[in-house]
Amino acid sequence: MSTRPIVIKIGGAAGVDLENVCADVVELIRRGERVVVVNGGSDAGERLLKALSLERPEVRTASGNVVRLTHADTLRVLTMAWVGDVNKRAVLALLARGVPAIGLCGADGRVLLARRRPPLKIRDGERTRIDREHLAGELTEVNTRLLGLLLDEGQVPVLCPPAVTADGTLVNVDADQAAAAVATALGARVLVMLSNVPGLMEDPKNPATLVRRSEDVEGCMGFAAGRMRYKLEAARRALAGGVSAVYVSASHAARPVFTALDEEAGTKFTLPEGKVTHAAS
Ligand SMILES: Nc1ncnc2c1ncn2[C@@H]1O[C@H](COP(=O)(O)OP(=O)(O)OP(=O)(O)O)[C@@H](O)[C@H]1O
Ligand SMILES: [Mg+2]
């Protein structure tokens, strides 16, 4: 059996040092690891929308959550940024260091298959309206066969949202969730998520409150706001899916992947001892 891969998620938040993370991916490859990269692209996406004077309205759903609506026109632009800009930058950063890489969004080879989320009930003042156009997805399947072929060929797959539905519609999915789904589906050893923060902090404004280790992702939810909640949910899913450890750390630190893996930086999430699940062999 081939070695279990490592999944590296390169955050798409403002200030993430993509080149720095790719340098560590190259080192992992040199050490004989099988690596799958997943990139986000929130900052590049929002910037391109702004440059084109397009907006994604923030709405409150009937269940009380605040979400950003993604419609066909905005998803098209977000896809340009995620795939055309960030994903290709990651591929080029690996190629420039002599490592063969192939960039795929969820639609390419149906690598990230999703179910379209149902129409959204939106609270509009006193009234409720239904948005049938929003294009959000829930990941259902990862094309592990394709990823296995690419890994066997010595390629580093670099994956990114959007995902695709069975009938060929692009849908928005969170990149952290995608990374967790890929890690689980591939039976990855570990998932390392590099972002623009040192890790999970009890007080997001104070790096001294960095959580170094936790066996209780759910218990940490209270510290997380905004998109960090998606990241923790992704960590929870990956651990439940058999990934041994999930690391959240800063992309700009020296040797960001290795310092996270060596527990010299960032937050390490594991399941409590005795609660460890095992990936299907
Ligand atoms: N307790 C917390 N500790 C650390 N960061 C937090 C916390 N609560 C909220 N955050 C926010 O979470 C953000 C990281 O999540 P975000 O999804 O924006 O980054 P990313 O995953 O790197 O980007 P993308 O989703 O585009 O790949 C940080 O920039 C920070 O503002
Ligand atoms: Mg994120």
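**Figure 1. Surroundings of ligand 1 in the predicted model.** Helix 5 (175–186) and helix 7 (228–240) each contribute at least two residues to the shell around ligand 1. The model is predicted. There are 22 residues around the ligand, and those that come nearest are Gly11, Gly12, Gly40, Ser42 and Arg227. By residue class, the shell holds 11 nonpolar, 8 polar and 3 charged residues.

**Figure 2. The eight-stranded sheet.** An open sheet of 8 strands has the order 5-10-2-1-13-15-16-14, with mixed pairing. Strand 5 (101–105) and strand 14 (213–214) are the edge strands, and each of them pairs on one side only. Strand 2 (residues 35–39) runs parallel to strand 10 (residues 156–160), and 2 bridges link this pair. Valine 37 has valine 158 of strand 10 as its bridge partner. Helix 3 packs on the sheet and touches strand 1 (6–10), strand 2, strand 5 and strand 10. The direction of helix 3 makes about 165° with that of strand 5. Helix 7 also packs on the sheet, where it touches strand 13 (190–195), strand 15 (245–250) and strand 16 (267–269). The direction of helix 7 makes about 155° with that of strand 15.

**Figure 3. Strand 13 and its two partners.** Strand 13 is joined to strand 1 by 5 bridges, and the two run parallel. In this pair, isoleucine 10 is bridged to leucine 194 of strand 13. Strand 13 also runs parallel to strand 15, with 6 bridges between them. Here the bridge partner of leucine 191 is valine 246 in strand 15. Of the 6 residues in strand 13, 6 are buried, and the strand is mostly covered. Val190, Val192 and Leu194 point one way from the strand, while Leu191, Met193 and Ser195 point the other way; all are buried.

**Figure 4. The largest nonpolar core.** This core has 80 residues. Val7, Ala179, Val182, Leu191 and Val192 have the most contacts inside the core. Helix 3 (residues 72–96) gives the most to the core, with 10 residues. When residues up to four places away in sequence are left out, valine 182 touches Val7, Val36, Val38, Val142 and Leu159.

**Figure 5. The four-stranded sheet.** A further open sheet is made of 4 strands in the order 4-3-7-8, with antiparallel pairing. Strand 4 (66–68) and strand 8 (127–131) stand at the edges; each has a single partner strand, so one side of each lacks a neighbour in the sheet. On average, neighbouring strands of this sheet are turned by 50° against each other, direction ignored. Strand 7 (residues 120–124) runs antiparallel to strand 8, and 5 bridges join them. Lysine 121 has isoleucine 130 of strand 8 as its bridge partner.

**Figure 6. Glycine 15 and valine 26.** Glycine 15 sits in the loop between strand 1 and helix 1 (18–30). Since 12 or fewer C-beta neighbours within 10 Å count as exposed, glycine 15, with 12 other C-beta atoms within 10 Å, is exposed. Its C-alpha atom is separated by 25 Å from that of valine 66, which is 51 residues apart from glycine 15 along the chain. Valine 26 is part of helix 1. Valine 26 has 18 other C-beta atoms within 10 Å and is therefore partly exposed. Leaving out residues up to four places away in sequence, valine 26 touches Leu94, Arg97 and Val99. The C-alpha atoms of valine 26 and leucine 191 are separated by 16 Å, with the two residues 165 residues apart along the chain.

**Figure 7. Backbone details in three loops.** Most peptide bonds are trans, and most residues other than glycine have a negative phi. Proline 161 and proline 162 are joined by a cis peptide bond, with omega at about 5°. Proline 162 is in the loop between strand 10 and strand 11 (163–164). Serine 53, in the loop between helix 2 (42–51) and strand 3 (58–61), has a positive phi near 55°. Serine 53 is exposed because 6 other C-beta atoms lie within 10 Å. Glutamate 263 is not a glycine, yet has a positive phi of about 60°. Glutamate 263 lies in the loop between helix 8 (256–261) and strand 16. It has 14 C-beta neighbours inside 10 Å and so counts as partly exposed.

Definitions and conventions: Residues are numbered from 1 along each chain as its sequence is written. Chains are lettered from A and ligands numbered from 1 in the order in which they are written. This is a predicted model: local features need pLDDT of at least 70, side-chain atom pairs count only at pLDDT 80 or more; totals for chains, interfaces and linings use all residues. Two strands pair if DSSP finds at least two bridges between them. Axes are lines fitted to C-alpha atoms, for helices over the stretch in contact, and angles run from 0 to 180 degrees between N-to-C directions. A residue is near a molecule or strand if its C-beta atom, placed from the backbone, lies within 6 Å of it. Ala, Val, Leu, Ile, Met, Phe, Trp, Tyr, Cys and Pro count as nonpolar, Asp, Glu, Lys and Arg as charged, and the others, Gly among them, as polar. A nonpolar core is a set of buried Ala, Val, Leu, Ile, Met, Phe, Trp, Tyr and Cys residues joined through C-beta atoms within 7 Å. A residue is buried if 20 or more other C-beta atoms lie within 10 Å of its own, exposed if 12 or fewer, and partly exposed in between; C-beta atoms are placed from the backbone. Two residues are in contact if their C-beta atoms, placed from the backbone, lie within 7 Å.
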